[in-house]
Amino acid sequence: MTVALCGSTEPCVHLLLPSICVVGTAQQIPGQGAGFFEFLTKEMVLSPD
């Protein structure tokens, strides 16, 4: 499957967490999002852009 984002076909990730309350409180969510971002960009060798 190819995903185009802003006209680019460079590797990218689309992450949807419909049950975010299951993984912590509202105060914890920003840090968890940063953790997902760091993991995905590192493990999938993606540009932070």
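The legends below describe close-up views of a predicted model, beginning with the whole chain and then turning to single residues and a surface patch.

Local features in this predicted model need pLDDT of at least 70, side-chain atom pairs count only at pLDDT 80 or more, and totals for chains, interfaces and linings use all residues. Residues are numbered from 1 along each chain as its sequence is written, and side-chain values use heavy atoms, with hydrogens and water left out.

**View 1. The chain as a whole.** The chain has one helix and zero strands, where helices (H or I, at least four residues) and strands (E, at least two) are DSSP runs numbered from the N terminus. Of the 49 residues in the chain, 6% are buried, a word that stands for under 20% relative accessible area, while exposed stands for over 50% and partly exposed for values in between (1.4 Å probe, protein chains only). The chain exposes about 4400 Å², of which carbon and sulfur atoms supply 63%; such areas come from the Shrake-Rupley method with a 1.4 Å probe, and for residues only the protein chains shown count as cover.

**View 2. Thr-41 and its surroundings.** Thr-41 lies in helix α1, which spans residues 29-43, and it counts as buried because its relative accessible area is 16%. Leaving aside neighbours within four places in sequence, Thr-41 is in contact (heavy atoms within 4.5 Å) with Leu-46, Ser-47 and Pro-48.

**View 3. A nonpolar patch on the surface.** Val-13, Leu-15, Phe-36 and Met-44 form this patch, with about 330 Å² of accessible area together. Patches are made of residues with over 30% relative accessible area and no salt bridge (a side-chain nitrogen of Lys or Arg within 4 Å of a carboxyl oxygen of Asp or Glu), and nonpolar side chains (Val, Leu, Ile, Met, Phe, Trp, Tyr) are joined within 5 Å, like charges within 9 Å. Leu-15, found in the segment before α1, is partly exposed because its relative accessible area is 44%.

**View 4. Phe-37 and Val-13.** Phe-37 is found in helix α1, and its C-alpha atom is separated by 9.5 Å from that of Val-13, 24 residues apart along the chain.
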